[in-house]
Amino acid sequence: QVQLVESGGGLVQAGGSLRLSCAASGSIFSINAMGWYRQAPGKQRELVASITSNGRSNYADSWKGRFTITRDNAEKTVYLQMNSLKPEDTAVYYCNADARSSITLRRDTYWGQGTQVTVSS
């Protein structure tokens with residue numbers, strides 16, 4: 001019903017930057033909050049940042065000041081600009097959306113398939 005497709009991951013040296021994108025498509029009535037989560041090897045998935053439909057953003061303390069989340073409501077896309085990357089930022093990054101289906105009108109949480117970010121030292 002609602003699909004999220006991430007892109008922009010890859011291999012980067014420490015101190016470098018990456019920009020992740022996540023585009024929502026499908027039977028979408030509305031999208032509320034969108035966010036980025038990450039899961040490092042052997043660890044639980046954790047919130048990196050989220051943003052409401054009116055642009056209010058929230059960051060986990062570990063990434064405040066280095067990462068910036070933005071969204072384009074017209075394009076149904078959320079972005080994560082990651083600067084000053086560190087090896088400990090290595091993880092699979094997942095996009096998340098709180099959306100209402102235009103078919104069922106039910107509100108659910110949707111996840112993308114994840115994109116790998118690897119930061120080398």
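Select Trp 63 to start: at 5% relative accessibility, Trp 63 counts as buried. Keep in mind that this is a predicted model. Now add Phe 67, which counts as buried at 2% relative accessibility. Trp 63 and Phe 67 form a stacked aromatic pair. Their centres are 6.3 Å apart, with 25° between the planes.

**The other ring pair**

The aromatic count for this structure comes to 2 pairs. Select Tyr 37 and Trp 111. Their ring centres lie 4.9 Å apart and their planes meet at 70°, so this pair is edge-to-face. Where do Tyr 37 and Trp 111 lie? Tyr 37 is in strand β4, and Trp 111 is in strand β10 (residues 107-111), so the pair ties together parts that are 74 residues apart in sequence.

Switch on the surface here. Tyr 37, at 22% relative accessibility, counts as partly exposed. Trp 111 also counts as partly exposed, at 36%.

**Charges over rings**

Stay on Trp 111 and bring up Arg 45. The charged end of Arg 45 sits over the ring of Trp 111, 4.7 Å from the ring centre. Then jump to Arg 19. Its charged end sits over the ring of Tyr 79, 4.0 Å from the centre.

**The core**

Next, show Trp 36, Leu 80, Met 82 and Tyr 93. The largest nonpolar core has 32 residues, and these four touch the most other members. Colour by strand to see who contributes. At least two core residues come from each of β1 (2-7), β3 (18-26), β4 (28-39), β5 (46-51), β7 (67-72), β8, β9 and β11 (115-120). Which strand gives the most to this core? β9 does, with 5 residues.

Centre the view on Tyr 93. Set aside its neighbours within four places in sequence. Among the residues then in contact with Tyr 93 are Trp 36, Leu 80 and Met 82. Phe 67, from the stacked pair, is also in contact with Tyr 93. So is Tyr 37, from the edge-to-face pair. Other contacts of Tyr 93 include Glu 6, Leu 20, Val 48 and Val 117.

**The disulfide**

Select the cysteines. A search of the whole structure finds 1 disulfide. Cys 22 and Cys 95 form it, with their sulfur atoms 2.0 Å apart. Measure the torsion about the S-S bond: it is -80°, and the link is left-handed. Cys 22 lies in strand β3 and Cys 95 in strand β9, so the pair ties together parts that are 73 residues apart in sequence. Are Cys 22 and Cys 95 buried or exposed? Both are buried.

**Two loop residues**

Go to Thr 90, in the loop between β8 (77-82) and β9 (91-101). Its side chain reaches the backbone nitrogen of Val 119 at 2.9 Å. Leave out neighbours within four places in sequence, and Thr 90 is in contact with Arg 38, Ala 40, Pro 41, Gln 116, Val 117, Thr 118 and Val 119.

Finish at Arg 106, found in the loop between β9 and β10. At 54% relative accessibility, Arg 106 counts as exposed. What joins the side chains of Arg 106 and Asp 108? A polar contact of 2.8 Å does. Beyond neighbours within four places in sequence, Arg 106 is in contact with Ala 99, Arg 100 and Ser 101. Last, draw a C-alpha to C-alpha distance from Arg 106 to Phe 29: it reads 9.3 Å, across 77 residues of sequence.

Conventions:
Residues are numbered from 1 along each chain as its sequence is written. This is a predicted model: local features need pLDDT of at least 70, side-chain atom pairs count only at pLDDT 80 or more; totals for chains, interfaces and linings use all residues. Side-chain values use heavy atoms; hydrogens and water are left out. Helices (H or I, at least four residues) and strands (E, at least two) are DSSP runs, numbered from the N terminus. A polar contact is a pair of N or O atoms within 3.5 Å; within protein, one must be able to donate a hydrogen and the other to accept it, and residues adjacent in sequence count only if both atoms are side-chain atoms. Contact means heavy atoms within 4.5 Å. A nonpolar core is a set of buried Ala, Val, Leu, Ile, Met, Phe, Trp, Tyr and Cys residues joined through side-chain atoms within 4.5 Å. Buried means under 20% relative accessible area, exposed over 50%, partly exposed in between (1.4 Å probe, protein chains only). Rings of Phe, Tyr and Trp (its six-membered ring) pair if their centres lie within 6.5 Å; planes under 30 degrees apart count as stacked, over 60 as edge-to-face and the rest as tilted. A charge sits over a ring if NZ of Lys or CZ of Arg is within 6 Å of the ring centre and within 35 degrees of the ring normal. A disulfide is a pair of cysteine sulfur atoms within 2.5 Å.
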